[in-house]
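Q: Please take a close look at a single part of this model and then follow the chain outwards from it. I am new to this structure and would value one connected account.

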Amino acid sequence: MNKSLSDSISASRQLLQNPYAHLSEGGSFDALPVTSHAQAHAMHGLPQDLIQKYSGQEANTPIKPRYSAIEIELRARSLQASLWKDRDRIWPGATPTNPINVLDPFTALRLLGYDCELDETLGQFHSNGKQVEVAGVLDKSARQVRVSRQFTNAVRSFTAAHELGHALLHDTGTALHRDRPLDGSTPSRMGIELEADKFASFFLMPAKQVQAAFERFFLTDQFTLNETTAFALGQGNHETLSRKCKTLRQLSRMLASAEHYNGVHFISLANQFLVSDEAMAIRLEELGLVAL
Ligand SMILES: [Zn+2]
């Protein structure tokens with residue numbers, strides 16, 4: 001994941017020497033594509049027959065007015081399974097050996113035929129009386145996605161996965177769809193925004209892989225705080241830790257960002273899956289892996 005994101009970052013850095021798309025001061029989108037889709041795909045080395053396969057599947061799947069969480073998870077899982085199955089051809093010479101490494105929303109969008117790059121900035125828009133920096137834009141009719149460099153890798157990745165969710169699930173019409181920075185922790189979202197957030201969460205943090213990594217690190221399928229686990233976390237005794245983690249979310253956040261347990265060092269769950277601590281904390285709770 002990190003590698004492919006850094007590949008896409010360095011590739012789009014080359015592209016950015018040409019200002020090919022930007023939001024004008026008035027907030028309207030002035031797309032100036034200097035790179036054709038074919039050139040963009042050739043640069044990323046994705047085989048045309050795979051792009052036809054993925055975009056053909058998308059075209060043949062009807063768009064529904066609303067989706068249940070299970071339907072959204074199944075769509076994410078089916079895409080993950082295809083990426084894993086085709087990994088030799090998608091990443092020739094650098095084939096992922098860990099299923100986590102195929103969870104790359106940028107590559108998935110390109111396989112769906114989207115011209116998908118990072119931009120230095122995508123401008124701003126007004127929301128509830130505030131100026132908000134645009135983090136991602138989707139133009140479904142032009143099959144373009146842009147993600148702003150103004151944010152952390154975790155936000156870029158979640159925003160790209162959110163756009164991937166819109167691309168697969170929604171008819172956003174001919175209008176440009178713009179998103180604020182997303183990391184999976186935005187509360188009380190509605191309609192297609194909530195569905196795209198759910199898709200992003202399912203796509204970036206598949207249940208099976210999060211559960212497996214959690215159990216490998218924390219040696220249990222449900223973490224509760226007691227003398228032994230407090231000691232293993234190395235954050236003081238049970239009493240001190242209970243004061244720090246008064247709510248389930250505080251405990252989940254601590255586990256999402258923990259880098260050692262029981263004397264073993266590891267890359268935190270949030271960083272392994274390239275999501276924010278908060279997004280991973282929410283996912284751990286959804287999967288019932290943490291209890292207070
Ligand atoms: Zn959106």
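A: Helices (H or I, at least four residues) and strands (E, at least two) are DSSP runs, numbered from the N terminus. The model is predicted, so local features need pLDDT of at least 70 and side-chain atom pairs count only at pLDDT 80 or more, whereas totals for chains, interfaces and linings use all residues. Residues are numbered from 1 along each chain as its sequence is written, and side-chain values use heavy atoms, with hydrogens and water left out.

The part chosen here is the zinc site. The zinc ion is coordinated by His 162, His 166 and His 177, each through NE2, by Asp 179 through OD, listed twice, and by Glu 193 through OE, at 2.1 to 2.6 Å. Donors are N, O and S atoms within 2.8 Å of the metal (3.2 Å for Na, K and Ca), and since water is not among the atoms, sites may look incomplete. Along the sequence, the spacing of the donor residues reads H-x3-H-x10-H-x1-D-x13-E. The angles subtended by the six donor atoms run from 52 to 165 degrees, and the arrangement is therefore irregular. (Four donors count as tetrahedral if all angles lie between 85 and 135 degrees; four count as square planar and six as octahedral if opposite donors are over 155 degrees apart and all others between 65 and 115; anything else is irregular.)

Two of the donor residues, His 162 and His 166, belong to helix α7, which covers residues 153-169. They are four residues apart there, about one turn of the helix. His 162 has 0% relative accessibility and therefore counts as buried (buried means under 20% relative accessible area, exposed over 50%, partly exposed in between, with a 1.4 Å probe and protein chains only). His 166 likewise counts as buried, at 0%.

After α7 the chain enters the loop that leads to strand β8 (177-179), and His 170 lies in this loop. His 170 is buried, with a relative accessible area of 3%. Its side chain is joined to that of Glu 195 by a polar contact of 2.7 Å (a pair of N or O atoms within 3.5 Å; within protein, one must be able to donate a hydrogen and the other to accept it, and residues adjacent in sequence count only if both atoms are side-chain atoms). Thr 172 is found in the loop between α7 and β8 as well. Thr 172 is at 15% relative accessibility, so it counts as buried. The C-alpha atoms of Thr 172 and Ile 192 are separated by 9.3 Å, although their positions lie 20 residues apart along the chain as counted in sequence distance.

Helix α8 (residues 191-204) includes Glu 193 and Glu 195 among its buried residues. Its 14 residues reach 20 Å from the first C-alpha to the last, close to the 20 Å expected at 1.5 Å a residue; the expected span is 1.5 Å times one less than the number of residues. The helix is mostly covered, with 10 of its 14 residues buried. Besides the two glutamates, the buried residues include Asp 197, Phe 199, Phe 202 and Phe 203.

The loop after α7 can also be related to an earlier part of the chain. Lys 140 is found in the loop between strands β6 (136-139) and β7 (144-148). At 12% relative accessibility, Lys 140 counts as buried. Its C-alpha atom is separated by 8.1 Å from that of Asp 171, which is 31 residues away along the chain.

Further along the chain, some loop residues can be set beside these. Leu 219, in the loop between α9 (207-218) and α10 (227-233), has a positive phi of about 60 degrees although it is not a glycine. Leu 219 is exposed, with a relative accessible area of 57%. Asn 262 is placed in the loop between β9 (260-261) and β10 (264-265), and it too is a non-glycine residue with a positive phi, here about 55 degrees. With a relative accessible area of 48%, Asn 262 is partly exposed. Leu 274 sits in the loop between α13 (269-272) and α14 (277-286) and is buried, at 8%. The C-alpha atoms of Leu 274 and Leu 103 are separated by 9.5 Å, with the two residues 171 apart along the chain.
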